[in-house]
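Me: I'd like to learn how to read a few features straight off a model. Can you walk me through it?

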Amino acid sequence: MTPTADIILWVVIPYVCLAFFVLGHVWRYRYDKFGWTTRSSQLYESRLLRWASPMFHFGILAVFLGHVMGLGIPKSWTEAVGMSEEIYHFLAVSIGAVAGVCTVLGLVLLIYRRRTVGPVFRATTRMDKVMYLFLAVVIFLGLWNTIAGSVLNLGGHYDYRDGVSVWFRGIFLLDLHPELMAEAPIGFQLHGMTAMLLFALWPFTRLVHVFSAPVGYMWRPYVVYRSRSDRLGSRAGRRGWERVERRRETSTRL
Amino acid sequence: MRVMAQMAMVMNLDKCIGCHTCSVTCKQAWTNRTGTEYVWFNNVETRPGQGYPRTYEDQDKWEGGWTLNKRGRLQLKAGGRLKNLLTIFSSPKMPSLDEYYEPWTYDYENLTNAPLGEHTPVARPKSLISGQDMNVTWSANWDDDLGGAPELTMADPVLAKISDKVKLEFEQTFMFYLPRICEHCLNPSCAASCPSGAIYKRSEDGIVLVDQDACRGWRKCVTGCPYKKVYFNHKTGKAEKCTFCYPRIEVGLPTVCSETCVGRLRYIGLILYDADRVLEAASVTDERELLASQRRVFLDPNDPEVQREAERAGISRDWVQAAQRSPIWALINTYEVALPLHPEYRTLPMVWYIPPLSPVVDVVGETGEDSEDSGNLFAAIDTLRIPVEYLAELFTAGDPEPVTAVLKRLAAMRSYMRDINMGRAPNPSIPAAVGMEEGTMYEMYRLLALAKYDERYVIPPSHVEQAHGLEELATECSLDYDGGPGMGGSGPFGEGSGVNDPIAVENFHMLKQRQTTDTVADPASRKARVNLLNWDGKSAPAGMFPPRPGPDGANLREPDSVGDAGLVQPRPAGGSVPGPAGSGTDPIPPGGDWLGGDGPGTQGPGGPGEPGDTGASGTGPRL
Ligand code: HEM
Ligand code: SF4
Ligand code: SF4
C-alpha cells in the first residue's frame with residue numbers, strides 16, 4: 001500500500017497540473033488570443049539576444065526531443081532494436097550534455113539580459129519572473145541529475161528509464177506507479193515536481209508561444225488573401241448571428 | 001484572368017509643402033498609444049535624406065523585399081522559408097530602435113515642482129523606453145529640410161547609387177518631400193515573411209492588414225517589408241501597420257492622411273488588376289522592366305472583357321464604375337504621370353507618385369530664363385542630370401527615360417496652361433511634343449490643379465447589406481458583441497491582453513463612471529484612463545494628474561474641488577518656503593489657501609497666473 005503522501009505527490013498533483021496545462025491553454029486561447037505572443041524584446045536590445053535566444057531555443061528543443069526519447073520510449077523498445085544500455089547511455093549523456101549546456105548558458109544570458117538591460121527589465125511582467133524562476137529551477141535540476149547521476153555517479157547508479165519514465169508514461173496510460181517516484185533520488189523527485197508545477201503555470205505565461213511554432217509556414221502560399229466579410233469593422237461576430245451567405249449584388253447585363 | 005480590385009493612392013509631390021500634417025493626424029488616429037510611440041504609419045521624409053527608419057532603402061543591409069534566386073525564381077531577399085524559420089529566435093535583420101529613434105517626453109513636472117532657484121527650471125527629455133534622462137540625437141525626421149546636410153544627407157542610400165559628380169553638385173540642386181505610407185503591395189513581402197500567416201491582403205480591396213489575434217510576435221514582417229512600414233508594438237508584442245484607414249474607406253471616406261492633407265495632393269481610387277499575372281510581373285529579370293510589367297498587370301475597367309470577368313469574380317457593378325472614374329487609373333494609365341516607389345523591391349507597390357518638377361523649374365528660374373516656357377523646361381530636364389537620376393533611383397529602378405517623360409508632360413502642361421491663363425491662343429504643338437492631345441492635357445490639368453474632393457477621392461463604399469455592421473455606424477447596439485460589455489484597462493497578461501473593447505464601449509464605460517462615481521478617477525489604478533473626449537474644458541480633466549501629497553502626507557485636494565471658483569489658470573502658491581533642490585512638493589499653507597494671498601477666483605493686480613510674476617509670490621505655478 002502506497003502512503004497517501006506519495007499518491008498526492010505523484011498522482012494527484014500531476015493530474016491537477018496537467019489539467020491546468022490543458023484547460024488553461026484552451027481558456028487562454030479562447031479568452032486571450034490577443035495576448036498570445038512571444039512578447040519579443042528584440043526592439044530594445046539585440047546584441048545579447050542574438051546569442052542568447054538561439055542558444056537557449058535550440059538547446060531546449062534538443063532537450064525536449066531527449067525527453068521524448070527518454071521518457072516516452074520504453075527501455076524494451078530500444079533494446080529490441082539492438083541498442084545496448086551502454087550505447088544508449090553514451091548517446092543520451094553526450095548529446096544531452098551539449099544541449100543542456102547550451103540551454104543553461106542561453107538561459108543565464110537571457111536572465112542576465114532581462115535584469116540588466118533597462119528597457120527589457122521595465123517590460124518584464126511578474127508572470128515573466130515567476131516563469132523564469134521555475135524554468136531555471138527545472139533546467140538546473142535536470143542538468144544536475146544528468147551530471148551527478150550519469151557522469152559523476154554520485155549516490156550510486158539510478159536508471160531513470162526503469163523508474164521515472166515508467167511513472168511518467170503511466171500517467172498517460174492510467175497505469176499509476178507513484179511508488180517508483182517515491183523511490184527515485186531526491187534530484188529526480190524535485191525535477192519532476194517542479195516540472196509539473198511549470199506545466200501548470202505554462203498557459204498563463206508567454207510560454208504559450210511554443211504552441212504556435214509556425215511550422216505551417218513551410219507549405220502555405222506566400223501571400224494570404226482573406227475576405228473582409230469574415231469580420232465587420234473591429235467587432236467580432238456574435239454567436240448565433242452569423243451572416244447568411246449571400247453573393248454580392250452584381251449586374252446581370254453589362 | 002482573375003480580376004481583383006485594389007484601393008490605391010497617388011501623391012503629387014510637387015504640391016507637398018512638408019508640413020507633416022498627414023503624419024500628425026495619422027498618429028493621432030492610429031499610433032497615439034504606449035508601445036507605438038516611435039511608430040509613424042505616415043511619415044514625410046526630406047529627399048535626399050536618410051529616411052525613416054534611417055537608411056531603410058539600403059536593401060543590401062536590411063534585406064527587405066524580394067529578389068530573384070539563382071534559378072530566376074522570386075524569393076524573399078532575407079532568405080527562403082527554412083532560413084526564415086531557423087532565424088526566428090533572433091531576427092538578424094531587424095532595425096533596432098536606434099534606427100527609428102528612441103521616443104521621449106519631457107519632464108514637464110519639473111517646471112512646476114522645481115524649488116525657487118537662480119536658474120529657470122528646465123524640462124529634461126526622458127526616454128519613453130527606459131524612463132531615464134536621455135539626449136535627443138535622432139528622430140523620425142531629424143534631417144528634415146536637409147538639416148545636418150551635407151554629412152547626414154550623404155548617408156542617403158539613394159544618393160549612394162548615383163555617381164560622385166552628381167553627389168557633389170547635389171547640394172545646390174534640389175530638395176523635395178516624400179510622404180510615405182504602406183504601399184499595400186500587390187505582392188506584399190511582409191505577408192510572405194509572416195510565419196503565422198497573420199498578415200493578409202483583403203480580397204475585396206487589397207488593403208494589407210495584420211490580424212492582431214493571429215500575430216504571434218515573430219517580428220519577421222518587419223524585415224520582410226522593404227519600405228519598413230510594418231512596426232513592432234513593443235508593448236503588445238504584435239506587429240502593426242498602416243491600415244489604409246479601412247474603417248473610413250469602407251464607408252466611402254478617404255484616409256485620414258488624405259483628408260487632412262494641406263496640399264490636397266493625394267488621390268485615392270480603385271485599380272482593377274489581374275491577380276494571375278502578379279507573380280510573373282514581379283519576376284521579370286531586368287529591374288527596369290518592373291515599371292512596365294506592373295503597368296501590364298492593371299486592367300482597363302472600360303474593356304467589356306474585363307467587366308465580364310470582374311462580374312464573374314464577384315466585383316459589383318458600382319465598383320467597376322468607380323474603377324472607371326478612378327483618378328488613380330487616370331494618372332497611371334491615361335496621363336502616365338504617376339510612378340511607383342522603388343519598383344525594384346518587386347512587391348508591386350500601390351501608392352504611386354507624380355515626381356516633382358519644381359526642382360527643374362527652380363533651376364531655370366534662377367538662371368533668369370522664363371521658367372514657364374516649355375522649350376526652356378525641356379532643355380533643362382535633358383541637361384539637369386541630377387534631379388532626373390535621383391528621381392529615377394526612387395521611382396524607376398534607375399531608368400531615366402520614364403522620369404524624363406513624366407517631367408516633360410508636367411512641363412508641357414505648365415507651359416500650355418500659361419497661354420490659356422494669359423488669354424492667349426493655346427499652342428497645340430506643346431501637348432503634341434509630349435504625345436498628348438490638347439483635350440487630354442486640359443483634363444490632366446483639371447485633375448492635378450482643380451479636382452474637388454469627390455474627384456480626388458473616388459471610393460465606392462462597401463455594400464449596404466454590410467454597412468450596418470460596421471462599427472462606426474451605430475444602428476445596432478454597440479454593446480452587443482461577443483463576450484458582453486467589458487471594462488477598459490489591462491488584461492491579466494499585460495497591456496492590451498484580453499478581449500478587445502470596441503471604442504464605443506470604452507466611451508460608454510467612461511461616461512458611466514464619470515456620472516456615477518463621487519471620487520475622481522485614480523490615475524494610479526490601472527483601470528483609469530483619461531478620456532479627453534468627455535472633457536468639458538473646465539479645470540483639469542479628472543484623473544489626469546495624480547493626487548499630490550501635502551506636507552503631512554495628506555492628499556492635496558484635486559483641482560476639481562476648487563472648481564467652483566472657476567479656476568483654470570495655474571496659480572503660484574503663496575507663502576511657501578522653497579525646499580532643497582529635488583525635494584519634490586512644497587508645503588501648502590493650511591486652510592486650503594494655497595492660491596496665494598488672493599481669494600479664490602479673484603485676479604488681483606499683478607495677480608497670480610501672470611507670466612513673470614511667479615517668482616515673487618511663491619515657488620512657481622502649480623496645478
Ligand atoms: C518551438 C518553437 C519555438 C519558437 C519558434 C520560439 C520563438 C521565440 C521567439 C521568437 C521569442 C522572442 C525572442 C525575442 O525576440 O525577444 C521567444 C522567446 C522566449 N522563448 Fe521561445 N520559441 C520556441 C520554443 C520555446 C520553448 C520550448 C521554450 C521553453 C520551454 C521557450 C522559451 C522562451 C522564453 C523563456 C522566451 C523569452 C526570452 C526573453 O526575452 O527573455 N521557447 N521564443
Ligand atoms: S509596403 Fe505595406 S504591403 Fe508592401 S510589403 Fe511593406 S507593409 Fe507589406
Ligand atoms: S499633409 Fe500633405 S502637404 Fe503636408 S506633408 Fe503631408 S502630404 Fe505633404
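**Sheet first, then the ligands**

Reply: Sure, and keep in mind that this is a predicted model. In chain B, strand 8 (residues 199-202) and strand 9 run antiparallel to each other, paired over three bridges. Within that pairing, Ile199(B) sits opposite Val210(B) of strand 9.

Me: What holds paired strands together in general, and in which order do the strands of this sheet come?

Reply: Strands in a sheet pair through backbone hydrogen bonds, in parallel or antiparallel fashion. Here three strands make an open sheet, ordered 1(A)-8(B)-9(B), with mixed pairing. Strand 1 of chain A and strand 9 (208-210) of chain B are the edges; each has a single partner strand, so one side of each has no neighbour in the sheet. From one strand to the next, the twist averages 45°.

Me: Now the metal: which residues coordinate the iron atom of ligand 1?

Reply: Look for the donor atoms. His57(A) and His209(A) both coordinate the iron through NE2, at 1.9 to 2.0 Å. The site has six donor atoms with angles of 86 to 180° among them, which makes the geometry octahedral. His57(A) belongs to helix 2 (residues 47-72) of chain A, while His209(A) is in the loop between helix 9 (186-201) and strand 1 (224-226) of that chain, so the pair ties together parts 152 residues apart in sequence.

Me: Are His57(A) and His209(A) buried or exposed?

Reply: Both His57(A) and His209(A) are buried.

Me: And what classes of residue make up the shell around ligand 2?

Reply: Sort the shell by class: eight nonpolar, two polar and two charged residues. Among those surrounding ligand 2 are Cys182(B), Cys185(B), Cys190(B), Cys225(B), Glu183(B) and Lys241(B).

Technical notes. Residues are numbered from 1 along each chain as its sequence is written. Chains are lettered from A and ligands numbered from 1 in the order in which they are written. This is a predicted model: local features need pLDDT of at least 70, side-chain atom pairs count only at pLDDT 80 or more; totals for chains, interfaces and linings use all residues. Side-chain values use heavy atoms; hydrogens and water are left out. A residue is near a molecule or strand if one of its heavy atoms lies within 4 Å of it. Ala, Val, Leu, Ile, Met, Phe, Trp, Tyr, Cys and Pro count as nonpolar, Asp, Glu, Lys and Arg as charged, and the others, Gly among them, as polar. Donors are N, O and S atoms within 2.8 Å of the metal (3.2 Å for Na, K and Ca); water is not among the atoms, so sites may look incomplete. Four donors count as tetrahedral if all angles lie between 85 and 135 degrees; four count as square planar and six as octahedral if opposite donors are over 155 degrees apart and all others between 65 and 115; anything else is irregular. Helices (H or I, at least four residues) and strands (E, at least two) are DSSP runs, numbered from the N terminus. Buried means under 20% relative accessible area, exposed over 50%, partly exposed in between (1.4 Å probe, protein chains only). Two strands pair if DSSP finds at least two bridges between them. Axes are lines fitted to C-alpha atoms, for helices over the stretch in contact, and angles run from 0 to 180 degrees between N-to-C directions.
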